[in-house]
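Please open the structure in a viewer and keep the selection panel at hand. The tour below proceeds from one selection to the next.

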Amino acid sequence: MKEKDEKPSKKVEDLKKNISDPKGKKMTTNQGLKVNDTNNSLKAGERGATLLEDFILREKITHFDHERIPERIVHARGSGAHGYFELYESQEEITKAGIFTDTSRKTPVFVRFSTVAGSKGSADLARDVRGFATKFYTDEGVFDLVGNNMPIFFIQDAMKFPDLIHSVKPEPDREIPQAASAHDTFYDFVSHTTETLHNQIWLMSDRAIPRSFRMMEGFGIHTFRLVNAEGKSHFVKFHWKPLLGVKSVTWDEAVKIHGADTDFHRRDLWDAIEAGEYPEWELGFQVVPQEDEHKFDFDLLDPTKLIPEEMVPVKRIGKMTLNRNPENFFAETEQVAFHPGHVVPGIDFTNDPLLQGRLFSYTDTQLSRLGSPNFNEIPINRPVNEVHNNQRDAHMRMTVNKGKTAYFPNSIGGGCPHLAKIAEGGFNSYEERIDAKKVRERSESFNDHFSQPALFYRSLTEHEQEHVVQAYSFELGKCTYDHIKQRMLWILSQIDETLAAKVSVNLGMEIPEGIDGPINQAIGADADVEKHQPGTKKMYLDKSKALSQEFLPSEGIATRKIAVLVGDGFSESDYNKMKKPLEEKGAMVQIVGVHGGTIKCDKGDKHKVAHALMTTESVVFDALYIPGGKESISALMKQAKAKKFVNEALKHCKAIAVDSEGEEFFDATYGKDFKSDEAVCINEKPEKFIKAISMHRNWKREKAAMEIPA
Ligand code: HDE
């Protein structure tokens, strides 16, 4: 466990002004009146009608009636945490932004992770893109990096965002399915809009079902611009690299976690921070000099393309640590308002047409969600530096502006607030030369829709590719229109023939020779159809290792949850042998007992049960340990759920350790067929179990383990 960071950040200090702590206080109305009874309304007689006069009742009910605000139209379900960002070394050659040049700063951040499609109450393990939005409270104002856990997006132009989201959201007649892309309207849209294919194939990969928010990468996606003090610009792509590596669960687990713990990711983030196991990410820059803008086989302004790390390496420039849970979900996580247009001097935009549209959308959405242009005054949103301007009034204004003047220029107010010169930190936009015709068009350089999905699929390891096959088979299998499945099969064959062939077997459907009509139909009515069809697949790189999460480094087993499956009479010496070394490495060792409360070991000592077997499931743990103890083993033998627990851990390729009599029980499960498995440790030293857990999963087991009917 890391040292708790005791000194609150500037932002956490700032939030203290608004914290209400009821400890030792009397209850009052919103007007500060002490309340004597909050259980009974004022009535005409004990059994009489309630009196309109009862202002205490009216206040309580009225406030309650208005508690809800509209949920986010996308990214409704999310979880947030506070932390800080520290820079390794000054990046002043490419940017003048204080957070990227001043290594003495510890910049406060608030991060919100989210799923995209589901409602606020949907389950965490939906197959979906994850949002990864970071608010930096810098000395020069707020900078928001509003990214996702995949490096590309579905569409190239903001104009198509409502279409994309309408297609993936529940179908409007029956409002089905919740938080799922596996339905007709999504594939109808995708199969007619081929620019979506790259993000689509990422969505079918393990990235869409992460083990934890703490084990995901983050990406700014768009090419942004960094500008140095001399006004020189470089292009940049932002990356977050998690120090815990990038890990996922299997689809079978995801489905079961939905039932076992819908709050799986939210709980995981909260628990890790409470335990002092602070998640960390390094921030990376992929920098492209302005003069290299056109040297790639794809357009840097096209948000459906990534720059392979083999072409432009990611330079890690600093580290973010999340070390504090919010005090109040609504006040902080729900009311936080991100905006890609919140930038500081040294950071600027490019003409990426998706980014340009986002610059409009995020303020607009806060107006309906938070109800007023004063959303910047909500404590979680206000900057840590001072705000002075001539904007006034509107709903819920908190600031009490002094003086007579709310205009510029003025003489009565002494000309205040003054404008800031660029040298004083005043923001000036990058002076990009533009000489163009006004057209409603898409650049032909955006036409390559197949090369990068193919590169992604080629770059995956065998088991990752198999997961993509299974995901497409599941998703398309849920579609009911044959013509949509056929279009998709043909499209997949353009990405990778083996992928398409495997999916076609699972769907029980032939891959068509071609498809009717234009492949890409996301074009204007008068557009030149041929000009907007996907170009020939290019092969500028065979494979990119960085695209497979198996090659993204991680170490150790910190915060991994290990279930110890026991009945009364379990072997204390086995338990102690394993527990200490696991906990020393930061793992969370939890007793899962055949009953709740406390459970006795063979020495007669009572041990606290973390979960009774009937209240938990194998899928919420990373690994399993079964200590010996005759009595304990015979109790486990009698429990069908105990066997299911083991069988599922096997099926999901998890590390399992078994000691002494535990082997008998293991033999009574499908474990008997996996005794020589690399991640199955029978009567082994803890070091071997630790190594097996640190593998995350033994994917070599997967093919055989699929046969387990658990
Ligand atoms: Fe968003 N997006 N988005 N988006 N987005 C929102 O803003 C939008 C896009 C992302 O935790 C909304 O405050 C448009 C790309 C995240 O509060 C809304 C377009 C990326 C979050 C909106 C995009 C994102 C949002 C809904 C296409 C990755 C959650 C609530 C032009 C780089 C932030 C809100 C949080 C939220 C619009 C595309 C990431 C409606 C119009 C690309 C992480 O304004």
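Two strands are taken as paired if DSSP finds at least two bridges between them. Helices (H or I, at least four residues) and strands (E, at least two) are DSSP runs, numbered from the N terminus. The model is a predicted one, in which local features need pLDDT of at least 70 and side-chain atom pairs count only at pLDDT 80 or more, while totals for chains, interfaces and linings use all residues. Residue numbers start from 1 along each chain as its sequence is written.

**First selection: strands β17 and β18**

Select residues 655-658, which form strand β17. β17 runs parallel to β18, and three bridges join the two. To see one of the pairings, display I656; its bridge partner in β18 is V680.

**Second selection: the whole sheet**

Extend the selection to the six strands of the open sheet, whose order is β15-β12-β11-β16-β17-β18 with parallel pairing. At the edges stand β15 (611-612) and β18 (680-682); each has a single partner strand, so one side of each is left without a neighbour in the sheet.

**Third selection: helix α18**

Add residues 686-694, helix α18, which lies across β16 (623-626), β17 and β18. Contact here requires C-beta atoms, placed from the backbone, to lie within 7 Å. The helix runs at about 160 degrees to β17, where axes are lines fitted to C-alpha atoms, for helices over the stretch in contact, and angles run from 0 to 180 degrees between N-to-C directions.

**Fourth selection: the two domains**

Colour domain 1 (1-15 + 73-415 + 457-522 + 537-546) and domain 2 (555-705) separately; these bounds come from an automatic or database domain assignment. The C-alpha centres of domain 1 and domain 2 are 36 Å apart. Where the domains meet, 13 residues of domain 1 are in contact with eleven residues of domain 2. On the domain 1 side, α6 (251-260) and α7 (264-274) each supply at least two residues, and α6 gives the most, with five residues.

**Final view: the whole chain**

Zoom out to the full chain, which has 19 helices and 18 strands. Its C-alpha atoms fill a box of roughly 90 × 80 × 60 Å, taken along the principal axes. Of the 710 residues, 44% are buried, meaning that 20 or more other C-beta atoms lie within 10 Å of the residue's own, with C-beta atoms placed from the backbone. Among contacts with a separation of 6 or more, 75% join residues 24 or more positions apart.

Notes
Contact = placed C-beta atoms within 7 Å. Buried ≥ 20, exposed ≤ 12 C-beta atoms within 10 Å, placed from the backbone.
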